[in-house]
Amino acid sequence: MNINDLTLQQLKDIQSLFQNKNSQSSHPMLGRRCLIRTYSAGVHIGDVTWINPENSMELKLDNALRLWKWEGGGLSLSAVANNGIKGGRLNYTGEVFLPNAIEYIPTTKEAEESYAKFVEDKK
């Protein structure tokens with residue numbers, strides 16, 4: 001078989017043999033803005049730009065905020081991601097790599113607008 005004679009479908013079939021079925025592109029939160037809860041690094045909010053394909057508990061956030069405390073919005077972090085907060089302390093951390101993520105929760109536009117009011121260390 002001559003490589004120059006392969007059809008497009010044959011090339012796609014060969015490519016699929018080398019693709020990792022668990023690649024990071026298959027993670028549903030990759031590319032989304034999320035609130036992340038970790039075991040030991042606290043709570044962060046940011047754009048999920050990388051998730052370790054071998055261990056989805058390791059990730060990278062860009063444009064990140066660390067949530068130190070919050071008031072209103074609800075007791076759970078799910079409520080904070082959906083409804084936002086009425087008071088609190090956040091600081092801008094920019095790029096951050098997090099180990100031990102145990103929860104990814106997409107944030108809403110309404111919630112993001114509320115966080116912006118309480119960021120203490122702006123970019």
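Biologist: Which exposed residues does the face of helix 3 turned away from its buried side carry?

Modeller: In this predicted model, helix 3 spans residues 109-116 and has a buried side. The face turned away from that side carries exposed residues. These are K109 and E110.

Biologist: Where around helix 3 do the buried residues A111, E112, S114 and Y115 lie?

Modeller: Within helix 3, the buried residues are A111, E112, S114 and Y115. They cover an arc of only 160° around the axis, and therefore they lie on the same side of helix 3. In general, an α-helix has 3.6 residues a turn, so residues three or four places apart point the same way. The location asked for is one side of the helix, within an arc of 160°.

Biologist: Against which elements do the buried residues of helix 3 pack?

Modeller: The packing partners include one helix, namely helix 2 (77-83). The buried residues of helix 3 also pack against strand 1 (33-38), strand 2 (43-51), strand 3 (59-71) and strand 4 (87-98). The elements are thus strand 1, strand 2, strand 3, helix 2 and strand 4.

Biologist: Is K60 buried or exposed?

Modeller: K60 forms a salt bridge with D62, with the closest N and O atoms 3.5 Å apart. D62 is partly exposed, at a relative accessible area of 22%. For K60 the relative accessibility is 16%, and the cut-off for burial is under 20%. K60 is therefore buried.

Biologist: How many residues apart in sequence are the parts tied together by E95 and K60?

Modeller: The side chains of E95 and K60 meet in a salt bridge of 3.1 Å, N to O. Because E95 lies in strand 4 and K60 in strand 3, the pair ties together parts separated in sequence by 35 residues.

Biologist: Which segment does E120 connect to strand 4 through its salt bridge with R89?

Modeller: E120 and R89 meet through their side chains in a salt bridge of 2.9 Å, N to O. E120 counts as partly exposed at 44% relative accessibility, and R89 counts as partly exposed at 40%. Because R89 lies in strand 4, the pair ties this strand to the part that holds E120, 31 residues apart in sequence: the segment after helix 3.

Biologist: What is the accessible area of the nonpolar surface patch that includes I14?

Modeller: I14 lies in helix 1, residues 8-18, and is partly exposed with a relative accessible area of 37%. I14 forms a nonpolar patch on the surface with L8, L11, L17 and F18. Together, these residues have an accessible area of about 580 Å².

Conventions:
Residues are numbered from 1 along each chain as its sequence is written. This is a predicted model: local features need pLDDT of at least 70, side-chain atom pairs count only at pLDDT 80 or more; totals for chains, interfaces and linings use all residues. Side-chain values use heavy atoms; hydrogens and water are left out. Patches are made of residues with over 30% relative accessible area and no salt bridge: like charges are joined within 9 Å, nonpolar side chains (Val, Leu, Ile, Met, Phe, Trp, Tyr) within 5 Å. Accessible areas come from the Shrake-Rupley method with a 1.4 Å probe; for residues, only the protein chains shown count as cover. A salt bridge is a side-chain nitrogen of Lys or Arg within 4 Å of a carboxyl oxygen of Asp or Glu. Helices (H or I, at least four residues) and strands (E, at least two) are DSSP runs, numbered from the N terminus. Buried means under 20% relative accessible area, exposed over 50%, partly exposed in between (1.4 Å probe, protein chains only). The arc is that of the directions from the helix axis to the C-beta atoms. Contact means heavy atoms within 4.5 Å.
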